[in-house]
Amino acid sequence: MTRTYQCSDPADRTAGIAAAIDAVRRGDLIVMPTDTVYGIGADAFTPTAVDSLLTAKQRGRDMPVPVLVGNRRTLDGLVMAVPPTVHELVDAFWPGGLTIVVEQASSLAWDLGDADGTVAVRMPLHPIALEVLEATGPMAVSSANVSGQPPATTAEEARDQLGWLVEVYLEAGSCGDPVASTIVDVTGEVPRVLRQGALDLATLREVVPDLLDQDGRGPHEEPVTAEA
């Protein structure tokens with residue numbers, strides 16, 4: 001039965017987090033707050049749960065689901081290798097609004113969609129999300145909305161869109177202006193920004209100076225302009 005827990009109340013918060021952890025372990029869906037927007041989550045290693053998440057969002061496999069983790073060290077078990085650049089980015093911006101796209105370990109028994117051997121990973125900066133993730137391990141998490149609709153900034157907004165398809169909603173109030181995470185692809189020779197979001201290019205380049213922007217330009221390249 002679908003239930004919303006008010007995390008502003010200590011007792012309801014404790015009960016809600018326990019219910020969310022149990023739901024994830026059963027293969028059900030939950031909605032929880034993150035430091036960007038509210039997310040709809042499922043056990044990353046249960047294919048039917050990930051399928052349910054995609055169905056709830058009315059989203060195809062061509063848009064694979066990112067993964068949230070509750071600990072920096074978890075990343076080591078998810079990827080083929082962790083190059084120095086990744087460590088630098090993680091040390092500087094996790095937990096926080098940075099998603100990194102890495103080559104996933106071939107041994108992982110999960111199916112997040114048509115990801116071509118890569119996975120997008122983030123550690124969120126939100127106490128409720130981190131408490132759930134510490135107990136469940138890596139979760140497949142996407143914004144808690146039907147694709148094409150505005151991202152939810154409260155659990156109530158998420159429930160209006162997703163309804164009974166989600167087992168547990170954790171309400172922790174508004175997350176404010178919905179700002180998506182910045183996505184950086186580190187699978188190539190030089191890291192590249194895929195999506196500008198919570199972290200701007202200048203801030204990222206303080207850590208990775210040769211980072212390419214969304215158009216593939218380095219820090220010393222001028223934008224190409226059409227001649228009159």
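Trainee: What covers the buried residues of helix H4?
Mentor: The cover includes helix H1 (10–26), strand S2 (30–32), strand S4 (67–68), S7 and strand S8 (168–171). Cover here goes by contact, meaning heavy atoms within 4.5 Å. Helices (H or I, at least four residues) and strands (E, at least two) are DSSP runs, numbered from the N terminus. Bear in mind that this is a predicted model, where local features need pLDDT of at least 70 and side-chain atom pairs count only at pLDDT 80 or more, while totals for chains, interfaces and linings use all residues. Residues are numbered from 1 along each chain as its sequence is written, and side-chain values use heavy atoms, with hydrogens and water left out.

Trainee: OK, and which residues of H4 are the buried ones?
Mentor: H4 runs over residues 127–136, and its buried residues are Ile 128, Ala 129, Leu 130, Val 132, Leu 133 and Thr 136. Buried means under 20% relative accessible area, exposed means over 50%, and partly exposed is in between (1.4 Å probe, protein chains only).

Trainee: What comes just after H4?
Mentor: Gly 137, which takes a positive phi of about 85°.

Trainee: Which residue other than glycine has a positive phi?
Mentor: Gln 58 has one, with phi near 55°. Look for Gln 58 in the loop between helix H2 (47–57) and S4. Its relative accessible area is 62%, so Gln 58 is exposed. As background, most residues other than glycine have a negative phi, and most peptide bonds are trans.

Trainee: Then which peptide bond is cis?
Mentor: The one from Trp 94 to Pro 95, with omega near -5°. Pro 95 sits in the loop between helix H3 (84–93) and S5.

Trainee: Switching topic: how many disulfides are there?
Mentor: Zero, after a search of the whole structure. A disulfide would be a pair of cysteine sulfur atoms within 2.5 Å.

Trainee: Why does Cys 7 have no bond to Cys 175?
Mentor: Because the two sulfurs are 14 Å apart, which is too far for a bond, and Cys 175 holds the closest cysteine sulfur to that of Cys 7. From the other end, the nearest cysteine sulfur to Cys 175 is that of Cys 7.

Trainee: Is Cys 7 buried or exposed?
Mentor: Cys 7 counts as buried, at 9% relative accessibility. Cys 175 is partly exposed, with 22%.

Trainee: Now pockets. How much space lies in the largest pocket?
Mentor: About 680 Å³. On a 1 Å grid over the protein atoms alone, a pocket is an open set of points where a 1.4 Å probe fits, with protein on both sides within 12 Å along at least five of seven lines; lining residues have an atom within 4 Å of a point. Grid points are joined across faces, edges and corners, and the volume is the space filled by probe spheres set on the points.

Trainee: Which residues lie nearest the centre of that pocket?
Mentor: Arg 59, Pro 66, Ser 142, Ile 183 and Arg 195, out of 31 lining residues. The lining divides into 17 nonpolar, ten polar and four charged residues. Ala, Val, Leu, Ile, Met, Phe, Trp, Tyr, Cys and Pro count as nonpolar, Asp, Glu, Lys and Arg as charged, and the others, Gly among them, as polar.

Trainee: Which strand gives the most to the lining?
Mentor: S6, with four residues. Strands S5 (98–103), S6 (118–122), S7 (139–143) and S10 (192–195) each supply at least two.

Trainee: Since you mention S10, what does Arg 192 touch?
Mentor: Arg 192 is found in strand S10. Leaving aside neighbours within four places in sequence, its contacts include Ile 183, Val 184, Asp 185 and Leu 211. Arg 192 and Leu 211 are 19 residues apart in sequence, and 5.7 Å apart in space, C-alpha to C-alpha.

Trainee: And what lies in the loop between S5 and S6?
Mentor: Ala 105 is one of its residues, and Ser 107 lies there as well. Ala 105 counts as buried at 10% relative accessibility, whereas Ser 107 counts as exposed at 64%. Not counting residues up to four places away in sequence, Ala 105 touches Gly 77, Leu 78, Val 79 and Met 80.
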